[in-house]
Amino acid sequence: MGIDPRHNILFEPLKIGPVTLPNRFYQVPHCTGMGHALPHTLAAMRGMKAEGGWGAVCTEYCSLHPTSDDQPFPFASMWDDGDMANLAAMADAVHAHGALAGIELWHGGSYVANLASRQPSIGVRSMPSREDPVQSRRMDKEDLRAFRQWHLAAARRAKAAGFDIIYVYPSHGYLVSEFLSRSLNGRTDEYGGSLVNRVRLFRELLEETRAAVGDRCAVAARFAANGHGEEHLSAEEARDVLGLVGHLPDLWDLVIDDYYEEMGSSRFYSEGHLEGRIGYARALTGKPVVSVGRFTSPDTMVRQIKSGVLDLIGAARPSIADPFLPAKIREGRYEDIRECIGCNICYAYNYRGSAIRCTQNPTMGEEWRRGWHPERVPGGASGTVLVVGAGPAGLEAAHILGKRGYTVTLADAAKEAGGRVSRESRLPGLREWSRVRDYRLQQIAKLSNVSLYLDNRLSAAEVREFGADDVLLATGARWRRDGLGRSCPVQIEFPNDALVFTPDDLMDGRVPAGEVLLYDDDNYYLGPVLALLLARNAVRVCYVTSGSRAGEWSKYTGEQDRTQRQMLEAGIEIRCSETLGAFDGRAAALHCVYTGNAVVRAASALVLVTSREPDDALYYELVGSGGAESGTRILRIGDCLQPSIIAAAVYSGHKAARELGSSAPAVALRDRVQIAK
Ligand code: ADP
Ligand code: SF4
């Protein structure tokens with residue numbers, strides 16, 4: 001199958017300054033949790049995107065000087081020759097596949113606390129850092145001169161490292177955007193006051209970077225096209241900034257003022273949602289424009305270009321979920337595209353200080369450490385495998401085992417495949433999560449050696465009788481009905497007639513009525529989403545959480561504030577920092593996590609979102625009844641082994657399938673600084 005000619009435009013080269021992009025697929029700067037800490041891991045991951053056809057592949061935010069240190073987050077850095085060598089490895093990996101390498105030079109200004117370098121942070125005025133009890137030092141003229149020199153030094157190093165596109169970064173609240181801010185910039189010199197003055201530093205950086213490296217490198221600017229909020233830089237002023245300096249960079253990488261909307265999750269934002277705010281910039285600047293929008297549909301991409309909104313299709317998440325997205329479009333393999341589901345798990349793990357992972361792409365971050373390729377698995381396998389359970393773990397395992405050459409039977413008790421993904425994707429806002437199932441079903445459908453049997457609950461006797469060489473149990477987990485969880489170490493006993501529900505009940509269509517208390521001790525998305533489901537069913541809901549905010553962990557996915565806003569707007573009462581003590585069918589006793597004081601809250605039904613019990617009875621029946629002795633190897637994968645997020649279930653299924661039958665124990669390389677002997 002070849003490319004649909006309507007998509008040819010996506011493969012037209014584009015000149016930006018002195019360099020030419022081979023096509024319109026542009027991986028914009030995005031966090032990885034690798035940065036300066038994991039250089040091999042980073043280079044291999046970025047190189048994989050170039051191999052998959054991305055025309056440009058950029059770094060994450062790359063600190064240009066030790067006064068901008070975002071510890072504990074693994075930012076990239078271009079402070080010295082050591083950094084230069086490490087990032088040159090990334091540029092080389094990208095160049096090896098004919099793509100251009102971009103670097104986003106970054107200074108955090110007042111935002112950072114410099115926990116590692118312990119240098120005072122600098123800002124347009126003395127302002128508190130994002131989180132720590134520390135303020136920046138107000139920059140004087142000498143500091144400004146020094147800062148411009150640091151920027152230049154980093155740009156020169158970037159050029160020497162082989163980068164082709166070098167960023168100036170006046171947005172997201174970092175140093176250069178502080179200068180643009182009407183409210184923060186109280187300077188009375190030529191860098192403060194009028195917009196022309198506030199833009200001065202940005203203009204100088206653009207001009208100086210071009211003068212220093214512009215003979216070989218393109219200069220890009222990452223800018224919020226709708227300003228930074230009324231008090232900092234209004235939308236009108238943002239237009240004026242583009243009017244003033246629009247002609248200076250070779251490429252505009254446009255973002256918006258709200259970072260968590262820009263990388264908005266699919267629970268709250270749809271594909272291409274930035275268009276209304278950035279669409280004007282291309283005509284105004286006359287320069288090529290790139291921006292993001294969780295683009296996975298080639299038709300949408302073509303529309304963005306043909307309608308004059310964008311020249312380049314920017315992507316972070318779609319390139320994480322499918323590094324081979326461009327190649328698949330070019331080859332007309334549309335059904336092979338692994339579409340991002342917009343869950344923001346990739347962002348969450350950077351935020352947790354570890355290398356990114358992806359729900360859809362289990363090989364993300366494992367390119368160097370385990371040598372995993374997103375499109376290739378070791379082939380030539382033979383033998384039979386029975387996979388029990390077609391949730392994300394079982395589907396991924398069956399898919400990879402099939403590609404390896406095994407004869408695979410995949411059975412599920414349910415009438416539809418997908419396990420928790422199918423059930424959860426019917427909840428408010430989670431529709432796109434069904435892509436986890438759909439991609440794998442598509443792939444399996446193409447494999448004649450994989451058979452799927454639905455509506456087939458297997459007993460231990462049936463598994464044994466089947467006689468496969470290997471059995472992978474992907475039977476999942478069930479939500480507990482006894483309150484046991486993170487903040488409750490003992491099971492709570494409820495009277496027999498008390499109406500106590502679990503998330504599984506609600507997903508199976510058993511929705512309580514009356515006055516419902518939902519207790520969330522899981523503290524991620526499911527509690528808030530179920531509360532919303534209840535509210536939409538005209539149920540009066542009181543949401544109680546042991547966390548200090550609704551769906552607290554979703555701060556890592558950038559969804560917490562939207563979650564709480566959405567719940568409040570739906571009329572849901574929210575009570576935080578309380579644990580559940582008892583429920584007698586008419587009222588619940590709630591305890592303050594700080595004082596232990598109890599309050600009684602009337603409720604006719606209780607929904608418990610606390611923790612899950614692995615569904616491993618089949619495993620113990622088999623192992624206990626001699627399944628292993630009979631010559632069949634039995635392995636648990638996914639939630640049945642370790643209840644976790646969907647990304648972990650997919651990863652577990654992938655790893656087991658990739659490594660099945662390999663005699664050598666899988667050893668992962670370690671990316672670290674090693675003292676030379
Ligand atoms: P995971 O996230 O680990 O993939 P899920 O809970 O999403 O787990 O999926 C588990 C699947 O296993 C469900 O679809 C369930 O119907 C299926 N299942 C559980 N026990 C059996 C069994 N004995 N026979 C067949 N299917 C089973
Ligand atoms: Fe998309 Fe989720 Fe993967 Fe991130 S983790 S790239 S949001 S599927």
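How do the residues of the lining of the largest cavity divide into nonpolar, polar and charged? I will start there and then move outward. Please keep in mind that this is a predicted model.

The split is five nonpolar, six polar and seven charged. The cavity itself holds about 120 Å³ of space, and the structure has six cavities of 30 Å³ or more. In general, you find such empty space by rolling a probe the size of a water molecule over the atoms. The lining of the largest cavity is made of 18 residues, and those nearest its centre are R338, P374, H399, I400 and H654. Three helices give two or more residues each to that lining: α15, at 392-404, α17, at 435-445, and α23, at 646-659. The largest share comes from α15, with four residues.

One of those central residues, R338, leads to another arginine. R352 is 14 residues away from R338 in sequence, and their C-alpha atoms are 25 Å apart in space. You will find R352 in the loop between α14 and β14, the latter at 384-388. R352 has a relative accessible area of 45%, so it is classed as partly exposed.

Next, the largest pocket. Its volume is about 1,200 Å³. A total of 48 residues line this pocket, and Y111, H172, Y174, Y259 and Y347 are the closest to its centre. By class, the lining has 25 nonpolar, 13 polar and 10 charged residues. Several elements supply at least two residues each, including β4 at 56-63, α4 at 175-180 and β13 at 312-315. Also on that list are α8 at 259-262, α12 at 317-321 and α14 at 345-351. The largest share, four residues, belongs to α14. That is the helix before the loop that holds R352.

Now the ligand. Around ligand 1 there are 22 residues, and A393, D412, A413, R420 and D639 come nearest. Which classes make up this shell? It has 11 nonpolar, seven polar and four charged residues. Three contacts are worth finding on the screen. A polar side-chain atom of D639 lies 2.5 Å from an oxygen atom of ligand 1. For D412, an N or O atom in the side chain is 2.6 Å from a ligand oxygen. With A393 the partner is a polar backbone atom, 2.8 Å from an oxygen of ligand 1. Taken alone, ligand 1 exposes 580 Å², and the protein buries 90% of that.

Last, some backbone details. Most residues other than glycine have a negative phi, and most peptide bonds are trans. Where does this model depart from that? The peptide bond from Q71 to P72 is cis, with omega near 10°. P72 sits in the loop between β4 and β5, and β5 covers 76-77.

Then there are two positive phi values. R118 has a phi of about 60° although it is not a glycine. It is found in the loop between β6, at 100-106, and β7, at 122-123. A538, also not a glycine, has phi near 60°. Its loop runs between α20, at 526-536, and β21, at 540-545. Are these two residues buried or exposed? Exposed means over 50% relative accessible area. R118 has 75% relative accessibility, so it counts as exposed. A538 has 72%, so it counts as exposed as well.

Technical notes: Residues are numbered from 1 along each chain as its sequence is written. Chains are lettered from A and ligands numbered from 1 in the order in which they are written. This is a predicted model: local features need pLDDT of at least 70, side-chain atom pairs count only at pLDDT 80 or more; totals for chains, interfaces and linings use all residues. Side-chain values use heavy atoms; hydrogens and water are left out. On a 1 Å grid over the protein atoms alone, a cavity is a set of points where a 1.4 Å probe fits but cannot get out, and a pocket is an open set with protein on both sides within 12 Å along at least five of seven lines; lining residues have an atom within 4 Å of a point. Grid points are joined across faces, edges and corners, and a volume is the space filled by probe spheres set on the points. Ala, Val, Leu, Ile, Met, Phe, Trp, Tyr, Cys and Pro count as nonpolar, Asp, Glu, Lys and Arg as charged, and the others, Gly among them, as polar. Buried means under 20% relative accessible area, exposed over 50%, partly exposed in between (1.4 Å probe, protein chains only). A residue is near a molecule or strand if one of its heavy atoms lies within 4 Å of it. A polar contact is a pair of N or O atoms within 3.5 Å; within protein, one must be able to donate a hydrogen and the other to accept it, and residues adjacent in sequence count only if both atoms are side-chain atoms. Accessible areas come from the Shrake-Rupley method with a 1.4 Å probe; for residues, only the protein chains shown count as cover.
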